[in-house]
Amino acid sequence: MPPRRKRAAAAKSTERKAAEVHSGLCGLAPEHKFQLVLNEDGKPRRGAFEISISKTKDGEKVLVWSGLPKGPPRKDKFPEPKTILDDVLKALK
């Protein structure tokens with residue numbers, strides 16, 4: 001039986017995935033300046049990966065993607081930037 005993964009390793013994986021989605025969105029829509037903010041409201045729920053967009057730093061956040069109802073497998077809990085680009089641009093209008 002393989003050893004159990006530590007939660008710190010899972011958190012680093014989630015941070016890496018968030019950075020990948022962020023850079024993917026920046027590449028797909030270079031006319032927009034996206035800023036990546038991780039866990040602004042404190043510690044995330046276990047297994048949660050959600051993407052919210054706001055037009056300004058203090059503006060109202062709009063949830064554009066949630067991985068909570070998705071998966072297993074775990075890879076389904078993270079979006080591809082191409083699949084969420086339309087929702088992101090719609091939230092910015």
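Trainee: What share of the contacts in the chain with a separation of 6 or more comes from residues 24 or more positions apart?

Mentor: Start with the source: this is a predicted model. Residues 24 or more positions apart account for 49% of those contacts. One pair shows it in space. Val88 and Val64 are 24 residues apart in sequence, yet their C-alpha atoms are 6.4 Å apart.

Trainee: Which secondary structure elements does the chain have, and what pattern do they follow along the sequence?

Mentor: Count the elements, then read their order. The chain has two helices and two strands. Along the sequence the pattern is α-β-β-α.

Trainee: How do I read a helix such as H2? What is its reach from first C-alpha to last?

Mentor: Check the span, then the faces. H2 runs over residues 81-92, twelve residues in total. The reach is 16 Å, close to the 16 Å expected at 1.5 Å a residue.

Trainee: Which residues of H2 are buried, and which are exposed on the other side?

Mentor: Here is the general idea. An α-helix has 3.6 residues a turn, so residues three or four places apart point the same way. Now the case. Pro81, Ile84, Leu85, Val88 and Ala91 are buried in H2. These residues lie on the same side of H2 because they cover an arc of only 135 degrees around the axis. On the other side, Lys82, Thr83, Asp86 and Lys90 are exposed.

Trainee: Which residues touch the most other members of the largest nonpolar core?

Mentor: Look for the hubs, then ask which elements feed them. The core has 15 residues. Leu25, Phe49, Ile51, Val64, Ile84 and Val88 touch the most other members. At least two core residues come from each of helix H1 (7-28), strand S1 (50-53), strand S2 (62-66) and H2. H2 gives the largest share, four residues.

Trainee: What is in contact with Ile51, leaving aside its neighbours within four places in sequence?

Mentor: List the partners of a hub by their position in the chain. Ile51 is in contact with Val21, Val62, Leu63, Val64, Trp65, Pro79 and Ile84, with neighbours within four places left aside.

Trainee: And Val88: is it buried or exposed?

Mentor: Apply the cut-off. Val88 counts as buried because its relative accessibility is 0%, and buried means under 20%. Val88 sits in helix H2. Beyond four places in sequence, Val88 is in contact with Leu25, Phe34, Ile53 and Val64.

Trainee: Now a polar residue. Is Ser66 buried or exposed?

Mentor: Use the area first, then look for polar partners. Ser66 is in strand S2. Ser66 is buried, at a relative accessible area of 15%. The Ser66 side chain makes a polar contact with the side chain of Glu50, at 3.1 Å. A polar atom of the Ser66 side chain also lies 3.3 Å from the backbone nitrogen of Leu68. Leaving aside neighbours within four places in sequence, Ser66 is in contact with Phe49 and Glu50.

Trainee: Where is Arg45 found?

Mentor: Place the residue, then check its cover. Arg45 is in the loop between H1 and S1. Arg45 is exposed, with a relative accessible area of 54%. Leaving aside neighbours within four places, Arg45 is in contact with Glu50 and Leu68. Arg45 and Leu68 are 23 residues apart in sequence and 9.6 Å apart from C-alpha to C-alpha.

Trainee: What percentage of the residues in the chain is buried?

Mentor: Finish with the totals. Of the 93 residues in the chain, 24% are buried. The chain exposes about 7,500 Å², and carbon and sulfur atoms supply 52% of that area.

Key
Residues are numbered from 1 along each chain as its sequence is written. This is a predicted model: local features need pLDDT of at least 70, side-chain atom pairs count only at pLDDT 80 or more; totals for chains, interfaces and linings use all residues. Side-chain values use heavy atoms; hydrogens and water are left out. The expected span of a helix is 1.5 Å times one less than its number of residues. Buried means under 20% relative accessible area, exposed over 50%, partly exposed in between (1.4 Å probe, protein chains only). The arc is that of the directions from the helix axis to the C-beta atoms. A nonpolar core is a set of buried Ala, Val, Leu, Ile, Met, Phe, Trp, Tyr and Cys residues joined through side-chain atoms within 4.5 Å. Contact means heavy atoms within 4.5 Å. A polar contact is a pair of N or O atoms within 3.5 Å; within protein, one must be able to donate a hydrogen and the other to accept it, and residues adjacent in sequence count only if both atoms are side-chain atoms. Accessible areas come from the Shrake-Rupley method with a 1.4 Å probe; for residues, only the protein chains shown count as cover.
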